[in-house]
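Biologist: Hi! Could you walk me through how the helices pack here, and then a few residues I'm curious about?

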Amino acid sequence: MLNRLIESYEILNDGDFEVLKEIVDMLKALPRTAENVFDFGSKGIDVWEAARYAYPVYCAYETQCNKKEGYPDLVKQMRAWDKIVASDFTVEVSAEYMDMLISTIEVMSPEIYEYYREVVEIYRAVTRKVIDAFFAEGSFGEAGSVADEMIQNAIARGCDMDVLLSEKYMKYVSAQEEE
């Protein structure tokens with residue numbers, strides 16, 4: 001399933017959203033956890049890696065093909081993921097979560113403002129929390145780690161999309177690039 005999610009995620013760049021229906025149907029058929037999020041663990045795959053690819057695909061399909069009807073479920077799941085992350089707040093989990101959020105925001109329609117805005121606020125809050133928790137003395141945890149790069153990429157993308165203020169947040173990216 002993870003490979004299909006990754007392939008579907010890559011299709012987002014092509015703009016052929018109709019082909020995502022099959023994977024979204026598969027996502028919707030997944031059992032839900034106690035927190036009411038897709039239960040990727042039941043398929044024996046890494047929950048965070050699967051979520052990084054699944055939610056942007058789910059959101060893109062809902063945005064382009066399903067008239068945004070799935071947005072309430074999507075945002076409800078984002079709220080639940082936020083609580084899950086709070087209970088397992090590590091640099092690795094935070095990095096994958098930030099990537100999931102910014103990738104979802106990237107394909108989400110701001111026309112449904114209250115849902116879009118809520119996901120943006122979740123992303124901003126976790127970004128501030130990650131910086132406060134892991135950015136110390138000029139670097140994240142282990143310099144050059146995958147998690148550090150993912151966090152920096154998520155911050156840079158947030159700045160590029162005007163979800164974060166570049167003047168305030170790009171210093172966390174450029175500090176790493178100068179090393």
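**Helix packing and a few residues**

Modeller: Sure! In this predicted model, helix α6 (residues 113-134) packs with helix α7 (residues 146-160) at an angle of about 135°, and their axes are 12 Å apart.

Biologist: Why give both an angle and a distance?

Modeller: Two packed helices are described by the angle between their axes and the distance between those axes.

Biologist: Okay, so what do you call the arrangement of α6 and α7?

Modeller: At that angle, α6 and α7 are oblique to each other. The crossing of α6 with α7 is left-handed.

Biologist: Which residues make the contact?

Modeller: On the α6 side they are Tyr-123, Thr-127, Val-130 and Ile-131, and α7 brings Ile-151, Ala-154, Ile-155 and Gly-158. Sorted by type, the residues of the α6 and α7 contact are six nonpolar, two polar and no charged.

Biologist: Let's switch to Tyr-169. Where is it?

Modeller: Tyr-169 sits in helix α8 (residues 166-178).

Biologist: Is Tyr-169 buried or exposed?

Modeller: Buried: its relative accessible area is 6%, and under 20% counts as buried.

Biologist: What is Tyr-169 in contact with, leaving aside its neighbours within four places in sequence?

Modeller: Tyr-169 is in contact with Thr-127, Arg-128, Ile-131, Ile-155, Cys-159 and Leu-164. You met some of those names already: Thr-127 and Ile-131 of α6, and Ile-155 of α7, are part of the contact between those two helices.

Biologist: Nice link! Now α1 and α3, how do they pack?

Modeller: Helix α1 (residues 2-11) and helix α3 (residues 47-64) meet at an angle of about 45°, with 9 Å between their axes. That makes α1 and α3 oblique to each other, and their crossing is left-handed.

Biologist: Who's touching whom there?

Modeller: From α1 you have Leu-2, Leu-5, Ile-6, Ser-8 and Tyr-9, while α3 supplies Glu-49, Ala-50, Arg-52, Tyr-53, Ala-54, Pro-56 and Val-57. By type, the contact of α1 with α3 has nine nonpolar residues, one polar and two charged.

Biologist: New topic: how many disulfides are there?

Modeller: Zero in the whole structure. A disulfide is a covalent bond between the sulfur atoms of two cysteines.

Biologist: Take Cys-59, then. Why is there no bond?

Modeller: The closest cysteine sulfur to that of Cys-59 belongs to Cys-65 and is 12 Å away, which is too far for a bond.

Biologist: And are Cys-59 and Cys-65 buried or exposed?

Modeller: Cys-59 is buried, at 0% relative accessibility, whereas Cys-65 is partly exposed, at 22%.

Methods
Residues are numbered from 1 along each chain as its sequence is written. This is a predicted model: local features need pLDDT of at least 70, side-chain atom pairs count only at pLDDT 80 or more; totals for chains, interfaces and linings use all residues. Side-chain values use heavy atoms; hydrogens and water are left out. Axes are lines fitted to C-alpha atoms, for helices over the stretch in contact, and angles run from 0 to 180 degrees between N-to-C directions. Helices (H or I, at least four residues) and strands (E, at least two) are DSSP runs, numbered from the N terminus. Angles under 35 degrees count as roughly parallel, over 145 as roughly antiparallel, 65 to 115 as roughly perpendicular and the rest as oblique. A crossing is left-handed if the near helix is turned anticlockwise from the far one by less than a right angle, and right-handed if clockwise. Contact means heavy atoms within 4.5 Å. Ala, Val, Leu, Ile, Met, Phe, Trp, Tyr, Cys and Pro count as nonpolar, Asp, Glu, Lys and Arg as charged, and the others, Gly among them, as polar. Buried means under 20% relative accessible area, exposed over 50%, partly exposed in between (1.4 Å probe, protein chains only). A disulfide is a pair of cysteine sulfur atoms within 2.5 Å.
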